[in-house]
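I am opening a notebook on a structure that is new to me, and I will keep each entry to what I looked up. The sequence and the model come first, and my entries follow.

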Amino acid sequence: MYKKLLNIPIGKQSIIWAGNKFNDVSSLSIADNVIIGPNNVFLIRGGLKIGNNVNVSGFSFFISQAHDVNDPMGHTSLSEIVIKDDAWVATNSTILPGVTIGKGAVVCAGAVVTKSVDDYAVVAGNPAVKIKERCPRIDYRLNDVSGIKWL
């Protein structure tokens, strides 16, 4: 549905569940084997690049745009978010402008990510901090494209 209605470039075996909201898809790219869960909000005028085999759980915010608080006119600044291969962004997270989520990294549920996350790091909290390392051997592949989710 999103691919056809919004012309979103979506890779092979990727799926976007129903209920997601996008304010701009012109700088959005989604690679292969990606699952984007329900009811996320994508305020992404600054761009969002999602790598292969990424799991984005539902009810999260991705914000690659902001207002410059030091600008008297309050102009918008744009800074791309990058989510590298094999990463997992859990439910109810917030990813802020300019953040890169490293390869195989995990953003725990409810985390507010204000700074980039290293490869295979597990981060949690507000603001998100590293709580441990993830095993770098990731063998699963996300490829459940069966049916329409949560219409």
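**Entry 1: the start of the chain**

I began at Met-1, which lies in the segment before α1 (2-6); helices (H or I, at least four residues) and strands (E, at least two) are DSSP runs, numbered from the N terminus. I noted that this is a predicted model, in which local features need pLDDT of at least 70 and side-chain atom pairs count only at pLDDT 80 or more, while totals for chains, interfaces and linings use all residues. Residues are numbered from 1 along each chain as its sequence is written, and side-chain values use heavy atoms, with hydrogens and water left out.

I looked up whether Met-1 is buried or exposed. Met-1 is exposed, at a relative accessible area of 58%, where buried means under 20%, exposed over 50% and partly exposed in between (1.4 Å probe, protein chains only).

**Entry 2: the parallel sheets**

I then turned to the strands, which count as paired if DSSP finds at least two bridges between them. One open sheet has 5 strands in the order β2-β5-β8-β13-β16, with parallel pairing. Its edges are β2 (21-22) and β16 (112-113), and each has a single partner strand, so one side of each is left without a neighbour in the sheet. At the β16 edge I found that strand β13 (residues 94-95) pairs with β16 in the parallel sense over 2 bridges, and that Thr-94 has Val-112 as its bridge partner in β16.

Another open sheet, also parallel in its pairing, has 4 strands in the order β3-β6-β11-β14. Here β3 (28-30) and β14 (100-101) stand at the edges with a single partner strand each, so one side of each lacks a neighbour in the sheet. Within this sheet, strand β6 (residues 48-50) and strand β11 (residues 81-83) run parallel and are joined by 3 bridges, and Ile-50 stands opposite Ile-83 in β11.

**Entry 3: Glu-80**

I checked Glu-80 next, in the loop between β10 (76-78) and β11, and at 33% relative accessibility Glu-80 counts as partly exposed. Leaving aside neighbours within four places in sequence, I listed the residues in contact with Glu-80 (heavy atoms within 4.5 Å): Gly-46, Gly-47, Leu-48, Lys-49, Ser-64, Gly-98 and Val-99. I also noted that Glu-80 and Leu-96 are 16 residues apart in sequence and 9.2 Å apart in space, C-alpha to C-alpha.

**Entry 4: strand β17 and its partners**

Strand β17 (residues 121-124) is covered on both faces, for Ala-121 and Val-123 on one side and Val-122 and Ala-124 on the other are all buried. Strand β15 (residues 106-107) pairs with β17 in the parallel sense over 2 bridges, with Val-107 opposite Val-123. Strand β18 (residues 129-133) runs antiparallel to β17 and is joined to β17 by 4 bridges, and there the bridge partner of Val-123 is Lys-130. In the hairpin of β17 and β18, with 4 residues between the strands, Gly-125 takes a positive phi near 100°.

**Entry 5: the cysteines**

How many disulfides does the structure hold? I found 0 disulfides, a disulfide being a pair of cysteine sulfur atoms within 2.5 Å. The sulfur of Cys-108 is 16 Å from the closest cysteine sulfur, in Cys-135, and is therefore too far for a bond. I also noted that Cys-135 is exposed, with a relative accessible area of 51%.
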